[in-house]
Amino acid sequence: MAITKEAPHAEGASPKTPRPAAPPEQPGRLTSPLALTLLLLLLVLLQSPIRRALSAPVMQSWTTVFVAVVIQALPFLVLGVLLSAAIAVYVPPSFFARALPSRPALAVPVAGLAGAVLPGCECASVPVAGALVRRGVTPAAALAFLLSAPAVNPIVLTATAVAFPRDPEMVVARFVASLLVACAMGWLWQRVGRTDWMRPPAHAHHEGQSKGAAFWDAVRHDVMHAGGFLVVGAMAAATLKAVAPESWLRTAADNPVVAVLALAVLAVVLSICSEADAFVAASLTQFSLTARLAFLVVGPMIDLKLFAMQAGTFGRGFALRFAPMTFVLAVASAVLTGAVLL
């Protein structure tokens with residue numbers, strides 16, 4: 001019998017490494033199809049208790065408020081997301097640099113008023129403000145636009161008018177109070193802000209993409225984020241209406257200071273998109289118009305998601321200084337405007 005010897009490997013050639021075998025599936029591992037099957041089986045087995053729970057008066061009231069808030073707010077949210085994505089992608093930041101006055105003191109109110117003309121939710125205003133700073137716009141004007149665009153644009157004001165049909169003065173009060181905060185923060189930054197407090201913003205994630213791809217990428221991103229926060233806000237509003245004892249809400253609402261601070265903090269925590277927050281505020285009928293105005297002024301300017309976005313765009317040191325001052329000025333502006341107009 002002939003014995004064949006392995007030919008030696010040529011110099012410099014590496015031996016052929018065997019392909020690693022796929023790791024064996026671990027027994028008992030819970031896969032996604034199995035989890036979905038178990039969940040459906042559990043729902044079938046518990047359908048009677050679930051049906052009884054959903055038919056309870058508390059759950060019916062909760063469902064009514066939740067569905068009403070979501071259905072009323074959703075068209076404005078989608079329209080606002082589409083317009084803000086179009087502005088972020090198709091309107092070049094150089095347009096703002098050419099349109100704004102060269103003097104920072106004048107550029108701040110002009111940038112604040114530009115927010116009333118160019119719709120944009122808070123998810124889009126932060127990257128747009130970062131693009132403005134990169135293109136040489138004075139930071140004070142960019143920050144004024146960042147605060148005003150999600151608060152006083154036509155979509156938000158129209159949604160506020162629809163949510164408060166019997167209180168049209170809420171539209172004017174929201175516009176005035178929000179614009180005052182935007183301009184005050186811009187002038188304050190121009191006065192006391194330092195360049196080392198603001199990290200130079202990086203390029204936007206859609207730069208380098210085609211216009212169409214960047215537009216739909218921005219739409220998908222904003223719809224997922226804003227839609228999720230809308231659902232959370234609607235759930236919170238429905239829970240307050242259906243579950244929270246009426247005596248607690250009445251106690252908080254009867255104290256003007258507590259009412260304003262409670263709704264201002266609630267706006268920060270809920271992080272609802274500005275195109276939808278008016279419908280949540282309108283559902284909080286136990287509270288005064290001034291307290292609900294504080295909710296509408298604070299929310300588009302500083303909340304949990306905005307703080308994270310501002311820290312990611314301009315640095316954590318900037319956000320830690322900018323957010324508390326914005327909160328204080330927003331509450332003060334809402335109280336003063338409410339005392340005059342409401």
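**View 1. Helix 7 and helix 9 help cover the buried residues of helix 5.** In this predicted model, the cover includes helix 7 (139–152) and helix 9 (169–192), where a contact means heavy atoms within 4.5 Å. Helices are DSSP runs of H or I with at least four residues, strands are E runs of at least two, and both are numbered from the N terminus.

**View 2. Helix 5 has a buried side.** Which residues of helix 5 are buried? They are A107, V108, A111, G112, A114 and G115; buried means under 20% relative accessible area, exposed over 50%, and partly exposed in between (1.4 Å probe, protein chains only). Because these residues cover an arc of only 150° around the axis, they sit on the same side of helix 5; the arc is taken from the directions from the helix axis to the C-beta atoms. An α-helix has 3.6 residues a turn, so residues three or four places apart point the same way.

**View 3. L34 belongs to helix 1 and to a nonpolar surface patch.** Helix 1 spans residues 32–45, and L34 is partly exposed there, with a relative accessible area of 39%. Together with L36, L38, L39, L40, L41, L42, L43, L45 and L46, L34 makes a patch of about 920 Å². Patch residues have over 30% relative accessible area and no salt bridge (a Lys or Arg side-chain nitrogen within 4 Å of an Asp or Glu carboxyl oxygen); nonpolar side chains (Val, Leu, Ile, Met, Phe, Trp, Tyr) are joined within 5 Å, like charges within 9 Å. Areas come from the Shrake-Rupley method with a 1.4 Å probe; for residues, only the protein chains shown count as cover.

**Notes.** Residues are numbered from 1 along each chain as its sequence is written. The model is predicted, so to speak of local features needs pLDDT of at least 70, side-chain atom pairs count only at pLDDT 80 or more, totals for chains, interfaces and linings use all residues, and side-chain values use heavy atoms, leaving out hydrogens and water.
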